[in-house]
Amino acid sequence: MNIVIKPFTEEMIPEAGHLLALRHKRNRALLPLLPTRFEELSATTQAVETLWKKKFKNGHAAYRDGRMVGYLLGDFTVQSWGRCGYVYLPGYALADGEKATVTQDLYCALGEDWVKQGVFSHNLYLCAADANIINAMFGLGFGKERVDALLDLGTAAIPETETPPGIMIRKAGAGDSDHLGSLSDVIMRSLSNAPYWHPTLPEEWEELREGWAELADDKEWTVWLALENNEALGTVGFRPEQENPTSLLVSPRTTYLSVAATKLKARGRGISTSLTWQGLEQASKDGFDICYTNWISPNLPASRFWPRFGFKDVAYRLSKQVNPMISWTRTG
Ligand SMILES: CC(C)(COP(=O)(O)OP(=O)(O)OC[C@H]1O[C@@H](n2cnc3c(N)ncnc32)[C@H](O)[C@@H]1OP(=O)(O)O)[C@@H](O)C(=O)NCCC(=O)NCCS
């Protein structure tokens, strides 16, 4: 019997939750650091329900012989570069034994909804264990843009770290807002370089600086600073990552590594290596079991750096830009 694609409705949530629980169980067999709770129907049903409650959602489900064998749910948000459609990790599942062409067909339906609504930036978060679906999406013109990764702090071999000569490493605190603010442009500059060329609007720069500066006083964050002659040259920050109904990557006692940056003039001296190992060691001592981080895969300094610490890919964001001219060139 052929596949029938239908628009997603609220009544489909339990069946979708069932498919998601099975998918997560298969994913976890390959990636054991994924959280256990999403093998439970109650958690996956809640995850799908949460996505379906979003304001600007679209979704479709695939049926064979009256049984749901796949679904794809997305929603769009407005960014400074336009309307962007996202399928988050709980937003898809495919029954065991079904071909990834089903997910391709579901994307045709979802993507068509998006294009009709002026959404030309299409983004899919997919579990790294779903290689067949990832490949099927590459076949539709998607590319890998972001990597989400986990590190098992229980088994990580954290080496003795040597602080680079002339550098002082310490935790940031009140009074360090200027130090942190001075590092706020490092990542956006890296993202603007080849081969990503990602623009950050000048109107956003000051807000970015304020956000980094505020980390100095934020009790939730543990931020490490590397200083030389009282100038901040690098930083790495950690905060507890909260479990929520859709966080398919987050187990209890997970810490999130972010705001990692070394000024261009100080790169390659071992500053970030030293900050990162010290931060991971402290996180482990503080009772965290897993460290989560993510990076933009075409941001080469980052994507060549993090795997060295033992971070393992667990999910990807695939992206595709549709040419907006399709809005007025298509007839009928
Ligand atoms: C990623 C980043 C934080 C690394 O910072 P860094 O302080 O240069 O890192 P390190 O010096 O510890 O390591 C960088 C390189 O120097 C090497 N290195 C480490 N210690 C060294 C030492 N004592 N002497 C010479 N080289 C050294 C490392 O092996 C690494 O090699 P690679 O270039 O082949 O990857 C930095 O490139 C950066 O800020 N990039 C832009 C912002 C960014 O992308 N941030 C991450 C967002 S996810």
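Lys and Arg are counted here as positive and Asp and Glu as negative, while His and the chain ends are left out. On that basis the chain carries 35 positive and 39 negative charges, and the mean positions of the two sets lie 4 Å apart. The model is a predicted one.

The overall dimensions come next. For a chain of 332 residues, a compact globule would have a radius of gyration near 20 Å; the value for this chain is 21 Å, so the two agree. The C-alpha trace extends over about 70 × 45 × 30 Å along its principal axes. Of the 332 residues, 50% are buried. The exposed area of the chain is about 16,200 Å², of which carbon and sulfur atoms supply 52%.

In secondary structure, the chain has ten helices and 13 strands. Contacts between residues at least 6 apart in sequence show how the chain is connected: 75% of them join residues at least 24 apart.

Two helices can be followed individually. Helix α2 covers residues 41–52, and its twelve residues should span 16 Å at 1.5 Å a residue; its end C-alpha atoms are 16 Å apart, which agrees. Its buried residues are Ala43, Thr44, Ala47, Val48, Leu51 and Trp52. These buried residues pack against α1 (13–30), β2 (57–64) and β3 (67–79).

Helix α3 takes in residues 101–116. With 16 residues at 1.5 Å each step, the expected span is 22 Å, and the end C-alpha atoms are 23 Å apart, which agrees. The buried residues of α3 include Val102, Leu106, Tyr107, Leu110, Trp114 and Val115, and also Thr103 and Gln104. Just after this helix, Gly118 has a positive phi of about 75°.

Backbone geometry also marks some loops. Asp65 is not a glycine, yet has a positive phi of about 55°. Asp65 sits in the loop between β2 and β3, two of the elements against which the buried residues of α2 pack. Residues count as exposed over 50% relative accessible area, so Asp65, at 58%, is exposed.

Asn229 is likewise not a glycine and has a positive phi, of about 50°. Its place is the loop between β9 (222–228) and β10 (231–240). With 76% relative accessibility, Asn229 counts as exposed.

One further loop holds a cis peptide bond, from Ala194 to Pro195, with omega near 5°. Pro195 belongs to the loop between α6 (186–192) and α7 (202–214).

Terms used: Residues numbered from 1 in each chain as written. Predicted model: local features only at pLDDT ≥ 70, side-chain atom pairs only at ≥ 80, totals over all residues. Heavy atoms only, no water. Helix = DSSP H or I, 4+ residues; strand = E, 2+ residues; numbered from the N terminus. Rg over C-alpha atoms; globule rule 2.2 N^0.38 Å. Buried < 20%, exposed > 50% of the residue type's maximum accessible area, 1.4 Å probe, protein only. Contact = heavy atoms within 4.5 Å. Areas by Shrake-Rupley, 256 points an atom, 1.4 Å probe, with all protein chains shown as cover. Charge placed at Lys NZ, Arg CZ, Asp CG, Glu CD. Expected span 1.5 Å × (residues − 1).
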